[in-house]
Amino acid sequence: MVTSTQTTTQTLYDQDYYLWIRTTINQLRTGQFSAVDLENLLEELETMGRSEKRAIESLLTKLLVHLLKLKCWDSERERNQGHWLGEIRTFRNQIKKYLQDSPSLKPYILEIFDECYQDARLEASDRSQLPLDIFPLVPIGSLEQILDDWLPMEKNQG
């Protein structure tokens with residue numbers, strides 16, 4: 001009978017994902033653990049973890065791109081500074097919220113910082129059409145600075 005329930009649930013997962021979620025939640029809440037489609041549930045939980053990591057990586061890279069543009073794209077700074085500053089604030093806030101919800105991601109963000117910085121250099125070069133060597137090879141700030149209110153602006157810039 002358990003096999004039949006698992007087969008039905010397997011089919012449900014493939015046929016109606018939302019209904020599968022609702023059914024699984026109901027099974028867990030009512031203690032029907034033997035009826036839970038454990039294989040797909042574990043797969044979904046692993047996918048959720050990977051998604052959280054990808055989201056942090058994407059936000060950090062976008063934040064770094066905008067900080068690099070602010071620091072290095074002189075010809076567009078005056079016209080775009082407000083937009084870049086707004087994006088910087090938005091990405092910082094989103095990263096902070098992810099880290100508040102999942103503090104265990106803090107070591108991961110440290111682990112990916114250098115790789116995200118190098119990706120951001122490439123993207124900033126592509127978007128600005130400035131040579132890659134305009135964007136410093138070494139990160140323009142520490143991770144703590146990047147996530148805080150710090151800005152990489154020269155004192156003589158507006």
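In this short talk I will go through the fold of one protein chain, then its cores, and then a few single residues.

Please keep in mind from the start that what you see above is a predicted model. The secondary structure of the protein chain comes to 6 helices and 0 strands, and if you read along the sequence you meet the pattern α-α-α-α-α-α.

Let me turn to the overall form. For 158 residues, a compact globule would have a radius of gyration near 15 Å, whereas the protein chain has 22 Å. The C-alpha trace, followed along its principal axes, spans about 75 × 30 × 25 Å. Buried residues make up 36% of the 158 residues, and the accessible surface of the chain comes to about 10100 Å², with 51% of that belonging to carbon and sulfur atoms. If we take the contacts with a separation of 6 or more, 67% of them are accounted for by residues 24 or more positions apart. As for charge, the chain has 18 positive and 25 negative side chains, and the centres of these two sets lie 7 Å apart.

Now to the inside of the protein. In soluble globular proteins, nonpolar side chains tend to be buried together. Here the largest nonpolar core has 30 residues, and the members that touch the most other members are Leu 60, Leu 63, Leu 64, Ile 95, Ile 109, Ile 146 and Leu 147. At least two residues of this core come from each of α3 (38-72), α4 (74-101), α5 (106-128) and α6 (143-147), and α3 gives the most, with 10 residues. Which residues does Ile 109 contact, leaving aside its neighbours within four places in sequence? The partners of Ile 109 are Ile 56, Leu 60, Ile 95, Leu 99, Leu 143 and Leu 147. There is also a second, separate core of 5 residues, which includes Leu 12, Tyr 13, Trp 20 and Val 36.

I would like to finish with some individual positions, beginning with Cys 72, which is found in helix α3. Is Cys 72 buried or exposed? Cys 72 has a relative accessible area of 11%, and because the cut-off for buried is under 20%, this residue counts as buried. Leaving aside neighbours within four places in sequence, Cys 72 is in contact with Arg 77, Leu 130, Ile 134, Phe 135 and Pro 136. One of these partners, Leu 130, is 58 residues away along the chain, and yet the C-alpha atoms of Cys 72 and Leu 130 are separated by 9.2 Å.

Ser 75, by contrast, is found in helix α4, and with a relative accessible area of 63% this serine is exposed. Ser 75 and Ile 56 are 19 residues apart in sequence, and from C-alpha to C-alpha they are 30 Å apart in space.

Two loop residues remain. Gly 31 lies in the loop between α2 (17-29) and α3, and at 38% relative accessibility this glycine counts as partly exposed. Gly 31 and Lys 53, which are 22 residues apart in sequence, have their C-alpha atoms 31 Å apart in space. Gln 129, for its part, has its place in the loop between α5 and α6, where its phi is near 60°, a positive value in a residue other than glycine. At 72% relative accessibility, Gln 129 counts as exposed.

Methods
Residues numbered from 1 in each chain as written. Predicted model: local features only at pLDDT ≥ 70, side-chain atom pairs only at ≥ 80, totals over all residues. Heavy atoms only, no water. Helix = DSSP H or I, 4+ residues; strand = E, 2+ residues; numbered from the N terminus. Rg over C-alpha atoms; globule rule 2.2 N^0.38 Å. Buried < 20%, exposed > 50% of the residue type's maximum accessible area, 1.4 Å probe, protein only. Contact = heavy atoms within 4.5 Å. Areas by Shrake-Rupley, 256 points an atom, 1.4 Å probe, with all protein chains shown as cover. Lys, Arg positive; Asp, Glu negative; His and termini not counted. Charge placed at Lys NZ, Arg CZ, Asp CG, Glu CD. Core = buried A, V, L, I, M, F, W, Y, C linked by side-chain atoms within 4.5 Å.
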